[in-house]
There are 2 protein chains.
Amino acid sequence: MSNDTSKLDITTGPLPGSEKVFFGSDTMDDVTVAMRCIHLEGGEQPVVTYDTSGPYSDPNATIDINVGLPKLRRQWILDRGDVVEYEGRDVKPEDNGLLKEDDQPGVEPFVRGDLKPLRSKDGSAVTQLAYARRGMVTPEMEYVAIRENEGRKEAYLRDGEPFGAEIPDVCTGEFVRSEIARGRAVLVSNVNHPELEPMIIGRNFLTKINANIGNSAVTSSVAEEVDKMVWATRWGADTVMDLSTGTDIHNIREWIIRNSPVPIGTVPIYQALEKCRGIAEDLTWEIFRDTLIEQAEQGVSYWTIHAGLLLEHVPLTVNRVTGIVSRGGSIMAKWCLHYHKQNFLWDHFDDICDIAKQYDVAISLGDGLRPGSIADANDEAQFAELRALGVLQKKCMTHDVQCFIEGPGHVPMHKIKENMDLQLEVCDEAPFYTLGPLVTDIAAGHDHLASAIGAAMIGWYGCAMLCYVTPKEHLGLPNRDDVKEGVMAYKVAAHAADLAKGHPGARLRDDAMSKARFEFRWRDQFHLALDSEKSLEFHDETLPAEGAKIA
Amino acid sequence: MSNDTSKLDITTGPLPGSEKVFFGSDTMDDVTVAMRCIHLEGGEQPVVTYDTSGPYSDPNATIDINVGLPKLRRQWILDRGDVVEYEGRDVKPEDNGLLKEDDQPGVEPFVRGDLKPLRSKDGSAVTQLAYARRGMVTPEMEYVAIRENEGRKEAYLRDGEPFGAEIPDVCTGEFVRSEIARGRAVLVSNVNHPELEPMIIGRNFLTKINANIGNSAVTSSVAEEVDKMVWATRWGADTVMDLSTGTDIHNIREWIIRNSPVPIGTVPIYQALEKCRGIAEDLTWEIFRDTLIEQAEQGVSYWTIHAGLLLEHVPLTVNRVTGIVSRGGSIMAKWCLHYHKQNFLWDHFDDICDIAKQYDVAISLGDGLRPGSIADANDEAQFAELRALGVLQKKCMTHDVQCFIEGPGHVPMHKIKENMDLQLEVCDEAPFYTLGPLVTDIAAGHDHLASAIGAAMIGWYGCAMLCYVTPKEHLGLPNRDDVKEGVMAYKVAAHAADLAKGHPGARLRDDAMSKARFEFRWRDQFHLALDSEKSLEFHDETLPAEGAKIA
């Protein structure tokens, strides 16, 4: 693994045909939202779209990953007067997987300079949920509202079947606040990740997508990991989960967070298990708690916590075709069975919330019993756990901790809606966040596609965020191309969901594209396409002449 | 364009881990159905699956494309005693697009030897529909029944939401007959394509997919075209449409049909227009009629006929974002407007049926007004034409001509079911055959994926055959890789539809795959995957060791 960051080849520069534009707030001077403006030919109005790529696509921004991104939210956080800087936990060798005395780190730490961790001044909740319930519209909420409108001042069009979603014509800070207060939306934004551009997850907003990245001793380096994040957000990832394992994960995570314009999620049990040399039985609440604090101080904005997998659920999986396929689920089931004790994450859930609320880390309630095959979809194990997640969701609300709920997995089309409907019912409409679902088990090599079918449908039915699947799913580790294919598949699925729900702005870009198509404005078609680079490349393969683009 | 067929690199050999197996009939000695048997490790039962690849994947078959495939159906056809060999129409220079005196063919004709065209002895219908209505179970119907069962003697599982489909536990020749007689299924099988392995299109059978191929002066040759057909069927195309234009199309079509194990469809107006040097106004019924006979004698098994686009429909398109995007639709609209006369295909529909029934060419009623954008989906133009197609469907039935109905196009998810339901209603459940639909307009470069979402859904709702879209849609001409990507996307969509409908055999392969996954039988996973080659390739990219496959 290399630490020569000068050689980092980070992807920068504007997307084809596009300009970075900034929208201010009518009510808050210090809120300015970056968006992407696609300029069109033939006197057509430009199209403004949501932009997850951060400063990397801004030619006027100076990018230095040794420094990190500008701290957009720092002042907003300090101005609220409810957090305090503190020394923070000492980084331990085991945080980086250095378990033997002579183990050496492969990746130098990111130099934080004088940036110390923040946390709640008095132990009370410094969460967007706490603020929302108190009636505060925070700068983050205002930012999100402007961002969701994509430059619109009114509805472009209302045409869809929302299945109970209530998306307003135009999003306001007050609407964002009310949705967060209601527990129906989550603004993931750890106070220790001031670099992130605020975004929101909820059924009454644009459907979001997540991309997973993660180092691996076999194939990856810190340079690749940081660029995978930049690359994934360039093409539209709204959040990134860092699922790294092995050595250097603390340091790699720091490099990623300091350079990420999107919230970073993790599965803390993965790191806790590393600290136990991979032995699930050695996991303790103390190790897990320490890992949570470690990650909260770094700026992780959401944690997958498999607290709803209960001891009594495990026997429900014995007749499954694929048992327990969630890695976190397997770890916790192993622990529960070994001690024949209740899941310590369930028992300590109040303690987890107590940490989360002091940093505003959102909890993504993990579905450790998600079905790994069509055969196991919607079975009692899965739904028993979902009901337990509903209990935990209410607990989060009592602690003013933001939360959302993870979902499957492998589900045939006719069983998808049942998942969504039950989740809405038992989790009080807290945001649903699903992996696909894959609508068949036999699509290996094309699982991004098989899962995009399920993702589009569950997005339509009300799922708020779709976790991508790459073409390498079930087969190997995704490379840069796979990450892009996965992101693209999920941008298509999420956008198709927004169209079908009747999001009041969704069809604007489709209509601009179709008009460009009808008028043979080729360059506009490339620029309006979700994949502006591949569409140009494919066109040029058969018709490379410049004239063919103008004609 | 090259005619050196000795250099043709046709893809042959079995699919990985698979053996060509043959299933006989209990009632007909001369019916033997080829299928694919996937052998598994660990003492697991082999999995028998539908096989569209024909003799090319049989290591015991001798492949010589100069000779063509064995004439599987020839004796069945002759045994019915209702067809006669005749000299057939003389091939004219314009059939191959040779319009100037000194134009030379680029492709030599396929040497038919003593194979003369067949047609009805006395002008009566020699269609599977006519036989079905008379109570005959033909060898073709028996073949189809065995094929649909994939080696099953009983239902594997019943679990789905069929939306009114009535798929039996086990398919019989009598069930096939009854569905054809009812007009709810089509067994496309021109008497002049005896090489084809009978297949059926209908909502109560496995969902089928079509792949389009076509030569192009710019990029392709006869060698490539024949191999594209072989390649597409190797990966699962149930039918292939030859959309060639320009020179040599008669000769190329003959090469394709003589070597095709699947039915070939065309859009005859494309060739008729070539004969008119591309001038729509010069089209006449006589030229079109002559083209139908030319293609019927060659063995085309279905024609897309845009007879339902009526003069009075054209004004309904003026406010559309993308007007008329169907090529056939544009041609006919231009003709109608120029003469301000009714579509001559509508006026001559009885005459078309009269030709079709003498060769058993099925009519695929074209949707010339299909929406080319989300904005135009389900509009009055589209649905007015669909209702006209319902009128023509009934006409086909009175002539004993098999028919099915083409559908869109670009449709957002929430408007897909309305398409399916209206089609079932106005076309008496005649099979629906849709292009996608694409669920967004902005997925250029990934339109195979955007359309597979819509295809899976409409397949679930009852669509019988899904016309593939490749990643090059809207951008350029598909190459070999694009054809495979398109076929794979549609195999995933069709299979997902079968699972959701609750097809009684669909989940068998998924369950075998999931069991192999749970038991880390890697080789079995590759062999059971729809894309057995890519899944192995992806796996080996990160974990190339042989041990990793066995572990």
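Student: In this predicted model, which residues does Tyr50(B) touch, leaving out those up to four places away in sequence?

Tutor: Tyr50(B) touches Arg147(B), Glu148(B), Glu150(B), Met199(B), Leu206(B), Lys208(B) and Asp238(B). Tyr50(B) itself sits in the loop of chain B between strand E3 (47-49) and helix H1 (74-79).

Student: Why does Tyr50(B) count as buried?

Tutor: Buried means under 20% relative accessible area. Tyr50(B) has 15% relative accessibility, so Tyr50(B) counts as buried.

Student: What makes the relation of chain B to chain A that of a two-fold axis?

Tutor: Chain B is superposed on chain A by a rotation of 180° with 0.0 Å of shift along the axis, at an RMSD of 0.0 Å. That is therefore the relation of a two-fold axis. In chain B, the C-alpha nearest the axis belongs to Ile453(B), 2.4 Å from it.

Student: How do you know that the same surface serves both copies?

Tutor: Of the contact residues of chain B, 100% recur in chain A.

Student: Why is H7(B) called oblique to H9(B)?

Tutor: Helix H7 (residues 268-275) and helix H9 (residues 327-339) of chain B pack at about 55°, their axes 9 Å apart. Roughly parallel needs an angle under 35 degrees, and roughly perpendicular runs from 65 to 115. The angle of about 55° fits neither, so H7(B) is oblique to H9(B).

Student: Which residues make that contact, and how do they divide by class?

Tutor: H7(B) contributes Ile269(B), Tyr270(B) and Leu273(B), while H9(B) contributes Arg327(B), Gly328(B), Ile331(B) and Met332(B). By class, the contact has five nonpolar residues, one polar and one charged.

Technical notes:
Residues numbered from 1 in each chain as written. Chains lettered and ligands numbered in written order. Predicted model: local features only at pLDDT ≥ 70, side-chain atom pairs only at ≥ 80, totals over all residues. Heavy atoms only, no water. Helix = DSSP H or I, 4+ residues; strand = E, 2+ residues; numbered from the N terminus. Buried < 20%, exposed > 50% of the residue type's maximum accessible area, 1.4 Å probe, protein only. Contact = heavy atoms within 4.5 Å. Least-squares fit on C-alpha atoms with pLDDT ≥ 70 in both. Axes fitted to C-alpha atoms, helices over the stretch in contact; angles between N-to-C directions. Parallel < 35°, antiparallel > 145°, perpendicular 65-115°, else oblique. Nonpolar A, V, L, I, M, F, W, Y, C, P; charged D, E, K, R; others polar.
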